[in-house]
Amino acid sequence: MPKALLIVDASIDPTVERAWNEWYDTQHLPEILACPHFDAGARYVSEVDGSRKYLTVYRLSCEEAVNTPEFARARGWAEFKERVRASTRLYTRFDGATHE
């Protein structure tokens, strides 16, 4: 199991959705996966009542992946930033220890 996961949940303006998906698949995803400690990534889509939400799951070898200069340069939504509503969350593997 990976040490950490980065989960990105996004909704996109339908008027730019096709262009956004092309950009994400051909440019953004490869740029992010080229960053240190990013081992793999996969995109998923959910459709409810004609509206789509996208989820990207990145497998990280360590949580420091999100603190590298390479990731800082690659992250973001480029020309789509005004048309995307997104949340990003880092999850680290739970070891069962009690957290107070």
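**Strands, a loop threonine and the largest pocket**

Let me begin with a pair of residues: Ile7 stands opposite Val57 in β3. Please keep in mind that what you have in front of you is a predicted model. The strands behind that pair are β1 and β3, the latter covering residues 51-60, and they pair in the antiparallel sense over 7 bridges.

On β2, which takes in residues 38-48, we find another antiparallel arrangement, since 10 bridges join β2 to β3, and here Arg43 stands opposite Thr56 in β3. The hairpin that β2 and β3 form has 2 residues between the strands, and in this hairpin Asp49 takes a positive phi near 55 degrees.

Moving on along the chain, Thr68 lies in the loop between β3 and α2, the helix of residues 69-74. Thr68 counts as buried because its relative accessible area is 11%, which is under the 20% cut-off. Leaving aside residues up to four places away in sequence, Thr68 touches Pro36 and His37, and its C-alpha is 7.9 Å from that of Cys35, although Thr68 and Cys35 are 33 residues apart in sequence.

That brings me to the largest pocket, whose volume is about 160 Å³. It is lined by 13 residues, of which Val8, Arg75, Gly76, Trp77 and Thr88 are the closest to its centre. As for where the lining comes from, β1 (4-12), α1 (17-33) and β4 (84-92) each supply at least two residues. In terms of residue classes, the lining of this pocket divides into 8 nonpolar, 4 polar and 1 charged.

Note on methods. Residues are numbered from 1 along each chain as its sequence is written. This is a predicted model: local features need pLDDT of at least 70, side-chain atom pairs count only at pLDDT 80 or more; totals for chains, interfaces and linings use all residues. Side-chain values use heavy atoms; hydrogens and water are left out. On a 1 Å grid over the protein atoms alone, a cavity is a set of points where a 1.4 Å probe fits but cannot get out, and a pocket is an open set with protein on both sides within 12 Å along at least five of seven lines; lining residues have an atom within 4 Å of a point. Grid points are joined across faces, edges and corners, and a volume is the space filled by probe spheres set on the points. Helices (H or I, at least four residues) and strands (E, at least two) are DSSP runs, numbered from the N terminus. Ala, Val, Leu, Ile, Met, Phe, Trp, Tyr, Cys and Pro count as nonpolar, Asp, Glu, Lys and Arg as charged, and the others, Gly among them, as polar. Two strands pair if DSSP finds at least two bridges between them. Buried means under 20% relative accessible area, exposed over 50%, partly exposed in between (1.4 Å probe, protein chains only). Contact means heavy atoms within 4.5 Å.
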